[in-house]
Amino acid sequence: MLVTGGAGFIGANFVPGAVAAYGRVTVLDALTYAGDRRNLAAVSSSDFEFVEGDIADAALVDKLVGQSDIVVHFAAESHVDNSIGDPAPFIRTNVVGTFNILEAVRRHDVRLHHISTDEVFGALPLDTGTRFTESTRYDPSSPYSATKASSDHLVRAWTRSYGIAATISNCANNYGPYQHVEKLIPRHITSVLTGSRPKVYGTGANVREWTHVDDHNAAVQLILDSGRLGDTYLIGSGQERSNKQVTQAILRLLDRSPDAYDQVADRPGHDLRYATDSTKLRTELGWTPQYEDFESGLAQTITWYRDNAVWWHEAKRTTEARYAAGT
Ligand code: NAD
Ligand code: TDX
């Protein structure tokens with residue numbers, strides 16, 4: 001198995017289970033600011049190989065895909081705020097990189113699972129029961145989600161035009177260990193732990209559906225085992241929370257006052273609400289999230305960040321400097 005982006009948040013949580021299930025696993029990761037070799041320190045199998053390299057390097061991708069039976073494609077530029085500041089790396093990695101993977105998969109006839117996001121569907125209105133489904137029209141708002149939408153369209157086109165053996169999953173917001181401190185939940189936790197106040201964009205009314213990274217990866221494994229080739233699966237826990245609710249839950253779990261946060265300028269093009277209908281995954285493949293209670297998953301995540309300050313300390317400093325500079 002070739003895992004792209006395996007030194008990032010979701011990929012690094014996926015790799016230990018993949019090594020146990022498949023034996024020979026190669027990770028291809030460029031170790032950008034978001035990738036960290038330490039995330040894979042516990043993976044010790046002699047069958048495991050780490051290759052530092054770029055999915056925009058077509059020759060390298062061709063070689064590694066040619067040595068594999070299955071590719072699980074996590075590698076991406078993943079942060080919306082960064083994409084608004086500088087979209088160029090998002091085009092290169094998310095679009096050109098995925099194109100390289102697809103061409104190699106086509107040449108070598110290798111099974112592909114493409115990891116994507118529910119952000120490709122754009123925003124839902126607040127306070128409605130509407131949810132994204134597998135047939136919702138694509139309507140991305142940010143450069144990040146537009147490049148992920150592009151990559152999904154490429155995968156679908158390569159499936160229809162060339163008959164490659166591919167599946168796609170679009171997951172809701174993830175949380176859990178090893179998530180980069182630029183993202184909402186780890187940013188807030190590490191801000192409180194370092195004595196500063198969480199920054200909430202706008203009013204905090206925006207809603208996200210929080211899915212634990214282990215539940216996401218269990219769904220990916222089910223799709224690899226028995227997903228229908230050519231199909232798309234939505235993944236989401238159903239646990240919707242406003243950003244204000246998430247912020248106040250973190251403050252409560254860290255024994256701070258519920259109003260110990262600041263409202264700051266809103267994100268441009270800020271999607272109001274994401275929510276998925278994951279009925280297909282649940283009924284066809286039998287997926288059920290194990291983290292059904294968001295607040296207890298959040299408490300475990302807080303414990304992980306409290307216990308692993310060495311892991312995030314330097315990234316916190318550089319990330320907050322980047323946010324302060326507005327880049
Ligand atoms: P991340 O930013 O934590 O990790 C991305 C990894 O990809 C890093 O290790 C980075 O070094 C690597 N990478 C980046 N550019 C590369 C390149 N050109 N070549 C090789 N490697 C490169 O991201 P994540 O949160 O783990 O997201 C993984 C995937 O899941 C992405 O495709 C993302 O779109 C998708 N996704 C994420 C979420 C979420 O909430 N985090 C939700 C749904 C879908
Ligand atoms: O400091 C913050 N304050 C704040 O209010 C940050 C970093 C974020 N926010 C808000 C913006 C969003 O409404 O919190 C919400 C979550 O923000 P992010 O963690 O940046 O995630 P989001 O933009 O929802 O995208 C995430 O989920 C889908 C991942 O970053 C994507 O990779 C994934 O595709």
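**Two domains and a ligand**

Let's start with how the chain is split up: domain 1 takes in 2-175 + 211-235, while domain 2 is made of 184-207 + 239-263 + 273-319. Keep in mind as you look around that this is a predicted model. Take the centre of each domain over its C-alpha atoms, and you'll find 22 Å between the two.

Now for the place where the domains meet. On one side, domain 1 brings 27 residues into contact, and on the other, domain 2 brings 19. Which elements supply at least two residues each to domain 1's side? They are strand 10 (211-212), helix 7 (213-226) and strand 11 (232-235). Helix 7 is the one to pick out here, since it gives the most to that side, with 7 residues. As for the kinds of residue on this face of domain 1, 14 are nonpolar, 7 are charged and 6 are polar.

Next, have a look at ligand 1. It has 31 residues around it, and the closest of them are Gly5, Gly8, Ala34, Gly35 and Ala76. Two helices and two strands give two or more residues to this shell: helix 1 (9-22) and helix 4 (88-108), along with strand 2 (25-29) and strand 5 (111-117). Which element gives the most to the shell? That's helix 1, with 3 residues. Sort the shell around ligand 1 by class and you get 14 nonpolar residues, 13 polar ones and 4 charged ones.

How values were computed. Residues are numbered from 1 along each chain as its sequence is written. Chains are lettered from A and ligands numbered from 1 in the order in which they are written. This is a predicted model: local features need pLDDT of at least 70, side-chain atom pairs count only at pLDDT 80 or more; totals for chains, interfaces and linings use all residues. A residue is near a molecule or strand if its C-beta atom, placed from the backbone, lies within 6 Å of it. Helices (H or I, at least four residues) and strands (E, at least two) are DSSP runs, numbered from the N terminus. Ala, Val, Leu, Ile, Met, Phe, Trp, Tyr, Cys and Pro count as nonpolar, Asp, Glu, Lys and Arg as charged, and the others, Gly among them, as polar. Domain bounds come from an automatic or database domain assignment. Two residues are in contact if their C-beta atoms, placed from the backbone, lie within 7 Å.
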